[in-house]
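Please read the following walk through the structure with the sequence and the model side by side, taking each part in turn.

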Amino acid sequence: MMAIDRKLLRDLWRTRAQVASIALVLSGGVLTVVALRGAVTSLQRARDEYYVAARFADVFASLTRAPDAVRARLEAVPGVAGVDTRVVKDVRLDVPGFDRPATGRLIQLPGPRDPPQRLDRVRAVRGRMIVPDAEDEVVISGRFAEVNGLEPGDTLAAVINERRARLRVVGIGSAPDFLYEQVGGGPAVDERAFGLLWAPSALVEAATGMRGAFNDVAIQLAPGARESDVIASVDSILARYGGRGAIARSEQLSHRVVENELAQLSVMGWAFPVFFVAVAAFLTGTVLSRLIATEREQIAVLKAFGYTDGAVARHYLTFALLAILIGVAIGIGIGSWLGRAITQLYLEFLRVPGLRFRIDWGAMTLALVVLCLAALAGAVRAVLGAARLPPAEALRPPTPARYRMLLLDRLGLGGVLPASARMVLRGIERRPSRALLGAAGIAAALAMMTGALSLFDASGRMIDVQFRIGHRETLAVQLVSSVPASMRARFRALPGVTRVEIARMIPVRIHVGGRARTMGLTGLERGADVFRLVDVRGATYEIPPDGIALSATVARALGARA
């Protein structure tokens, strides 16, 4: 081993604390890229493969009721490649071990005489699918089964047309239009109290009385078809049957949740490493600068014994590179473990069949190159200074700093401040770039901590505004079908009830210029004290005397103004 190589090993051991700091900071950037980009790639690939295998539809529509003959009219719409119709109905469930009534969304599967299901195919993850002539078998969704401890072979009690029916669970299933299962009222609903039940055609028809009819449509578009034209034609056909407005896949709730999660992971996967890169570059430059300043005599001896400027430069660059490689190895190891943990969370949350963690080698390679180059860039200035240092110059101690009157002294404040404060301020003024980089490193660390901890504050504030100022009810009752307003008195007469407010909700499509959005229209009572309009600051507003009030998000999406 050459002398300069032994010197490298001694330097690494002597400055092991500084090397560890560089490696750990850089590993933070590497592990975020490996974990988050890998989770994004894994979720995206599994979702796309599942969408293709299960033939996820492109357009969706729900309505009150239409005869099966309308299906032929929908299939004749230009740009439509396939249509599936079904009946969907919410029923009350009695779940073993759960002390409150639950809601089950019955979703019709094709019967023995119906056309086979072509779109949004249901797949049994455990157990089996229902047999064609069964009348009491159901396949339930994975999340509902897990939180309630249900397995194939268990039974559920359902209230169908005011009659109690026993349902046998034969399988745990999944479908592409219900990867996100909590569609029974949003994230505030107890997940134990809502589940999906894919049921035989005869059972669903008995629950709804819709023999020879449907109230839910899935449509596949032909290549090159214009989505907006197809939606307009579908709305026109279904309008007389209580159509609630067709929506594209981009507006379908389950798909939107998956897309939002992918977007958030993508942003975090590239934003967080930026902070680590800046701090790692600063640390690498600082450590090498101080190391070279203490080794001026050794550099002179090396050059005097024949080592070239390039050899000396490679020596210190290798020092920086080894610290970086240690950080990369740690980051890849921890990032792979963290990525698997994140992917497992998404598997439990979204239930995408075939989801498993895969490292995004392309993104990881690009990120590693950028991270390493940025860290080495922080060392270049110090390394070039060492390479250009003549042997005779290196044997002399460094030139003392030039002392002159600084701004502090010219302002006459030198004698007012204590000596320690004057030393700090003079150091900042003499080396402003070093002070600026140090401040930038501290700011980056605080920015990461503040950004992460602010999520807790933001969530707490959101809960306060939503549930202590806006929605102040103790109990919310959602009715499957409309009831007369006189029911208010019956609710009010229940023991312990002090106030009852009623609301009416219907799906609508709002058009503003060339933009449109399908959403829920909620009718509130004047003088409402339980369900109130609030803004992000928590200020409350009265219901407008006429017209409608839009949320800021919807108004921006539509380009709408008062």
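In this predicted model, the side chains of Glu151 and Arg126 meet in a salt bridge, with a distance of 3.1 Å from N to O. Glu151 sits in the loop between helix H4 (142-148) and strand S7 (155-160), whereas Arg126 belongs to strand S5 (residues 123-127), and the pair thereby links distant parts of the chain that lie 25 residues apart. Glu151 counts as partly exposed because its relative accessibility is 39%, and Arg126 is likewise given as partly exposed, with a relative accessible area of 39%. Side chains of opposite charge can pair when their charged atoms come close.

This pair has company, for the count of salt bridges comes to 27. One of them joins Arg249 to Asp58, where the closest N and O atoms are 3.3 Å apart. Arg249 lies in the loop between strand S11 (247-248) and helix H7 (253-294), and Asp58 lies in the loop between helix H2 (16-54) and strand S1 (59-67), so the pair ties together parts that are 191 residues apart in sequence. The two partners fall into separate classes of accessibility: Arg249, at 22% relative accessibility, counts as partly exposed, while Asp58, at 18%, counts as buried because buried means under 20%.

Another salt bridge is formed by Arg86 and Asp177, whose closest N and O atoms are 2.9 Å apart. Arg86 is part of strand S2 (residues 80-86) and Asp177 is in the loop between S8 and S9, so that here, too, distant parts of the chain are linked, 91 residues apart. Are these two residues, Arg86 and Asp177, buried or exposed? Both Arg86 and Asp177 are buried. Salt bridges can also join into a network, as they do among Arg71, Glu75, Asp84 and Arg118.

The strands named so far lead on to the sheets. Strands of a sheet pair through backbone hydrogen bonds, either parallel or antiparallel. One open sheet consists of 4 strands in the order S2-S10-S1-S11, and its pairing is antiparallel. Its edge strands are S2 and S11, each of which pairs on one side only. Between S1 and S11, which run antiparallel, there are 2 bridges, and Val59 stands opposite Ala248 in S11. Strand S2, at the other edge, is also the strand that holds Arg86 of the salt bridge with Asp177.

A further set of pairings centres on strand S6 (residues 137-141), where 5 of the 5 residues are buried, so the strand is largely enclosed by the rest of the structure. S6 is joined to S8 by 5 bridges, and these two strands run parallel; within this part, Val139 stands opposite Gly171 in S8. S6 is also joined to S9, by 2 bridges, but in this case the strands run antiparallel, and Ile140 stands opposite Leu197 in S9.

Strands S8 and S9 also matter for the empty space inside the model, since S8 (163-174) and S9 (194-199) each supply at least two residues to the lining of the second largest cavity. How many cavities of 30 Å³ or more does a search of the whole structure find? The search finds 2, and the second largest has a volume of about 30 Å³. Its lining includes Ser141, Gly173, Ser174, Leu196, Trp198, Leu350 and Arg351. By class, the residues that line this cavity divide into 6 nonpolar, 3 polar and 2 charged.

The loop between S8 and S9, where Asp177 was found, also holds Glu191. Glu191 is partly exposed, with a relative accessible area of 29%. Glu191 and Ala476 are 285 residues apart in sequence, and their C-alpha atoms are 15 Å apart in space.

Finally, a word on confidence is in order. The chain averages a pLDDT of 83, and 93% of the residues score at least 70. Confidence in the chain is highest in strand S10 (residues 213-221), at a mean of 93, and lowest in helix H11 (residues 391-395), at a mean of 61. Strand S10 is one of the strands of the open sheet described above, with S2 and S1 beside it in the order.

Methods
Residues are numbered from 1 along each chain as its sequence is written. This is a predicted model: local features need pLDDT of at least 70, side-chain atom pairs count only at pLDDT 80 or more; totals for chains, interfaces and linings use all residues. Side-chain values use heavy atoms; hydrogens and water are left out. On a 1 Å grid over the protein atoms alone, a cavity is a set of points where a 1.4 Å probe fits but cannot get out, and a pocket is an open set with protein on both sides within 12 Å along at least five of seven lines; lining residues have an atom within 4 Å of a point. Grid points are joined across faces, edges and corners, and a volume is the space filled by probe spheres set on the points. Ala, Val, Leu, Ile, Met, Phe, Trp, Tyr, Cys and Pro count as nonpolar, Asp, Glu, Lys and Arg as charged, and the others, Gly among them, as polar. A salt bridge is a side-chain nitrogen of Lys or Arg within 4 Å of a carboxyl oxygen of Asp or Glu. Buried means under 20% relative accessible area, exposed over 50%, partly exposed in between (1.4 Å probe, protein chains only). Two strands pair if DSSP finds at least two bridges between them. pLDDT is the predictor's confidence in each residue, from 0 to 100.
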